[in-house]
Amino acid sequence: MYELRLRIGHERRVRSGHLWVFSNELQELPRLTPGSLVRVLSPSGESYGVGLYNPHSLIAVRLLRAEAEELTVDFFTERLEQAFVLRQRLCPDEVMYRLVHGEADLLPGLIVDRYGDYLAIQTLSVGMDARLPTIIQALHAVLPEVHGIVEKNCSRLRELEQLPQRQSVLSGKIPERLVLEEWGVQLELRLLEGQKTGAYLDQRYHRALTGRLAYGLRVLDCFTYHGGFALHAAYHGAQVVLGIDSSATAIECAQRNADLNKLSQVHFQEADVFAFLRQQVADGAQWDLVILDPPAFAKSRRHVPSAKQGYAELNRLAMLLLPSGGYLVTSSCSHHVFEAVFLEVIFTEAARLGRQLRLLYRGTQPPDHPILLSMPETQYLKFFIFHLL
Ligand code: SAH
């Protein structure tokens, strides 16, 4: 196996448990087939284990914390079994959860979400992508009850690895439509369509928590997608709920979900949230609980300033619609906008408006989306519930 040495002075991060080796940290970048297994050594020859190599990516090696000579079905079966045992402990009563969270499950570049007896999979590195057939075999070995696996390889992260966008059924059959429950709320899933791997599983505890706050309130759910937060609010007895999203297909699905749950006080509207909120402020509208769950505004570090402006405007507009005693539920899934920065943006807008915010709840990813302390990149979700005094 090819051995790659780190340059002197570049071993500290890897030694502390980070799984990425950047291309400028290696003494040489040999022309091996992208996806090859290589061994990474310190400048003095100490092994950091094997990893998946891509000479065309800024992340040249993704380490596996293993000394395997090749990545066999048994290798993946063992890693997937560990991931599954942890989820059985963490989410024993749930049918939807993240089974594999990439680096944090020591399977860098691999995402697997479970939707009942179906799996949705993403491979975000050439090394993982090339091993899809082996991974599928191992998934069936660990989860014999699985009826179908779909690849949702439409992530822009794949472009960084020069991988094409792809979506297809890899094994078994995927029903056109699937209905699964999230704490009392029925959700329709179309795994062959849909954004990401189908649903935004990372906010599911927050949807339930926010729903419980909503009894008797007028609720505005911005960036509703399939109606997640809005449906939970209506299920818990909100007086009236409106969900907004710019995607027409998302809104259609949200409406079907409302019908499925026989929730008549929830409505959906296709609109750009920024334009909608500005109009609401101009009209003098008022809501008791406003939810903001936008897509990542900062996909990279250089987008942080514009992302901060976006968050500032959204949160300012939401506060203008809330009376004293109202609730602001706000989140950011941009890894590059750190929690302290996001809080500062919200605090600055509140202070400008002369509003006092009381923090009721602060959250991050659920435990099936674990965070490696050695890899800040694995932490991305910020979530807050504020009470306006
Ligand atoms: N709250 C949802 C997840 C939201 S994902 C849940 O709990 O399931 C972000 C959503 O924002 C996507 O559905 C996307 O279509 C929508 N979106 C992105 N930009 C938008 C904009 N400017 N206005 C309205 N919706 C937008």
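By class, six nonpolar, three polar and two charged residues make up the lining of the largest cavity. The model examined here is a predicted one, and this enclosed space is a good place to begin a tour of it. The structure holds one cavity of 30 Å³ or more, and the space inside the largest cavity comes to about 40 Å³.

The residues around this space come from several parts of the sequence. Leu52, Tyr53 and Asn54 belong to the lining, as do Ile59, Ala60, Val61 and Arg62. Ser125, Val126, Gly127 and Glu161 complete the list. Seen in terms of secondary structure, strand E4 (47-53), strand E5 (59-63) and helix H3 (126-130) each provide at least two of the lining residues. The largest contribution comes from E5, with four residues. Domains offer another way to look at the cavity: domain 1 (3-63) and domain 2 (73-174) each supply at least three residues to its lining.

Since E5 gives the most to the lining, the surroundings of this strand deserve a closer look. How many of the five residues of E5 are buried? Five of the five are, so the strand is largely enclosed by the rest of the structure. Part of those surroundings can be described through strand pairing. Strand E2 (residues 20-22) is joined to E5 by three bridges, and the two run antiparallel. In this pairing, Phe22 stands opposite Ile59 of E5, and Ile59 is also one of the residues lining the cavity. E4 is likewise linked to E5 by three bridges in an antiparallel arrangement. Here Gly51 is found opposite Leu63 in E5. The connection from E4 to E5 is a hairpin of five residues.

Two residues elsewhere in the chain are worth pointing out for their backbone angles. Leu106 has a phi near 55°, which is a positive value in a residue other than glycine. This leucine sits in the loop between strand E6 (96-101) and strand E7 (110-115). Its relative accessibility is 28%; because buried means under 20% and exposed means over 50%, Leu106 counts as partly exposed.

Phe223 also shows a positive phi, of about 65°, although it is not a glycine. Its place is the loop between strand E13 (218-222) and helix H6 (228-235). Is Phe223 buried or exposed? With a relative accessibility of 17%, Phe223 falls under the 20% limit, and it therefore counts as buried.

How values were computed:
Residues numbered from 1 in each chain as written. Predicted model: local features only at pLDDT ≥ 70, side-chain atom pairs only at ≥ 80, totals over all residues. Heavy atoms only, no water. 1 Å grid on protein atoms, 1.4 Å probe; cavity = no way out; pocket = protein on both sides within 12 Å on 5 of 7 lines; lining within 4 Å. Points joined across faces, edges and corners; volume = space filled by probe spheres on them. Nonpolar A, V, L, I, M, F, W, Y, C, P; charged D, E, K, R; others polar. Domains from an automatic or database assignment. Buried < 20%, exposed > 50% of the residue type's maximum accessible area, 1.4 Å probe, protein only. Pairing = 2+ DSSP bridges.
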